[in-house]
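Thanks for asking me to look this one over. My comments follow as numbered points, so open the model alongside and step through them with me.

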Amino acid sequence: MRTIGFAKGHGTKNDFVLVPALDGTPELGPDEVVFLADRRGGVGGDGVIRVVPVEHAPEEVRAGAGDAQWFMDYRNQDGSVGEMCGNGTRVFAKYLLEHELAGGDAFDIATRDGVKRMTVVENGFQVDLGVWRLAREQEAAGRGSDSVVQAVGMPDPLPALSIDMGNPHNVVALPPEFDLSTLDLTHPPRVDPVPEHGSNVEFVRAVGPGHIAMRVHERGVGETQSCGTGAAAAVVATWWWAGRPAGQLDWRVDVPGGRLGVRLDGEHVLLSGPAEIVATGTVDLPE
Ligand SMILES: N[C@@H](CCC[C@H](N)C(=O)O)C(=O)O
């Protein structure tokens, strides 16, 4: 039996099991990730994050790590690898500071989507998520959308926009009067065309100027209380559909687990919000 240390944390209730791997171990296979993320038989979380010194990161991460000292090795609840996790970066940063593995008001962390700059801010952390991209620019520019999404509780399939935030998203806008709580996200939404590598899907409703509400169905997880890269994609899509207004660069995003801030800074997207570590302990991995 292998006994490992863990911490449990969340960012707007998008929750993670953090596993310190300070000498590069433990490695975790998909079954061990599924066990740790299991809310009944394991610790429980939307994802599992290993805290890995960059020198023990995979070669492709090390090559682009710059000055970053730590690699956020993120896995989804189903054991699959995710390139990026916006809420995860803040919880990871909180863990590093609490354990004096990082210091100061700003530092870099390495992810599978490159280096992310973390800054301590009043309500938690801000992360520079990097440059957003339309996944199918020509098609989106022509039609205003490039895919169609249908979920249980939506009267009809609706056009959506595929956005690359380092990981894949499809954002669908619902009418402002639509009650998001009527969606049934226990069933995965259908996205057409079917994304080659799967997709996170955001259901968005405008609340007011610079203010949206959303629910999200995450690839490899199911519905979560929050998704940082999803909030960023939702803002980008809403702003893009609105004709890219220069005066509307700061956004609030209400998610079931709380509120996130998103700032559009040139082509970069900055995400801010809280991060909490709520427990630490040890756990025995099954044989
Ligand atoms: N919750 C995350 C995104 C986690 C990864 C996602 N499920 C994927 O597979 O792309 C966030 O806060 O960004």
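1. Let me start with C227, in what is a predicted model. Is C227 buried or exposed? C227 has 36 other C-beta atoms within 10 Å, and since 20 or more is enough to count as buried, C227 is buried. Its place in the chain is the loop between β15 (222-224) and α5 (228-241). Leaving out residues up to four places away in sequence, C227 touches N14, N87, N200, V216 and E218.

2. C227 has a partner in the annotation. According to UniProt, in an unreviewed entry, the feature "active site" falls at C85 and C227. These positions are spread over 143 residues of sequence, yet they cluster in space, with a largest C-alpha distance of 7.7 Å.

3. Now for C85 itself. This residue sits in the loop between β4 (70-76) and α3 (86-98). C85 counts as buried because 29 C-beta neighbours lie inside 10 Å. Which residues is C85 in contact with, once its neighbours within four places in sequence are set aside? They are G47, Y74, G228 and T229.

4. The ligand deserves a careful look. There are 19 residues around the ligand, and G82, N87, N167, G228 and T229 come nearest. The elements giving two or more residues to this shell are α3 and α5. Two names here should be familiar: G228 and T229 are also among the contacts of C85, while N87 is one of the residues that C227 touches.

5. What is the chemical make-up of the shell around the ligand? Its residues divide into 14 polar, three nonpolar and two charged. If you plan to colour the shell by class, that is the split to expect.

6. On to the domains. The assignment for the chain gives domain 1 (2-130 + 274-285) and domain 2 (133-266). Their C-alpha centres lie 24 Å apart. The shell around the ligand draws on both, with at least three residues from each of domain 1 and domain 2.

7. The domains also meet each other directly. Across the contact, 19 residues of domain 1 face 18 residues of domain 2. On the domain 1 side, α3 and β7 (124-131) are the elements that give two or more residues. The residues on that side divide into eleven polar, five charged and three nonpolar. Helix α3 thus turns up twice, once in the ligand shell and once at the domain contact.

8. While you have α3 on screen, please look at G88, which is found in this helix. G88 is buried, as 30 other C-beta atoms lie within 10 Å. Beyond residues up to four places away in sequence, G88 touches F16, G47, I49, M72 and Y74. Of these, F16 is 72 residues from G88 in sequence, but their C-alpha atoms are 7.3 Å apart in space. G47 and Y74 are also in contact with C85.

9. My last point concerns the strands β16 to β18. Strand β16 (residues 250-255) pairs with β17 (residues 258-265) in the antiparallel sense over six bridges. A hairpin of two residues joins β16 to β17, and V255 stands opposite G258. Strand β17 also runs antiparallel to β18 (residues 268-273), joined by five bridges, with V262 and L271 as bridge partners. In this second hairpin, which has two residues between the strands, G266 takes a positive phi near 60°.

Key: Residues numbered from 1 in each chain as written. Predicted model: local features only at pLDDT ≥ 70, side-chain atom pairs only at ≥ 80, totals over all residues. UniProt positions renumbered as here; feature names shortened; annotations may be inferred. Helix = DSSP H or I, 4+ residues; strand = E, 2+ residues; numbered from the N terminus. Buried ≥ 20, exposed ≤ 12 C-beta atoms within 10 Å, placed from the backbone. Contact = placed C-beta atoms within 7 Å. Near = placed C-beta within 6 Å. Nonpolar A, V, L, I, M, F, W, Y, C, P; charged D, E, K, R; others polar. Domains from an automatic or database assignment. Pairing = 2+ DSSP bridges.
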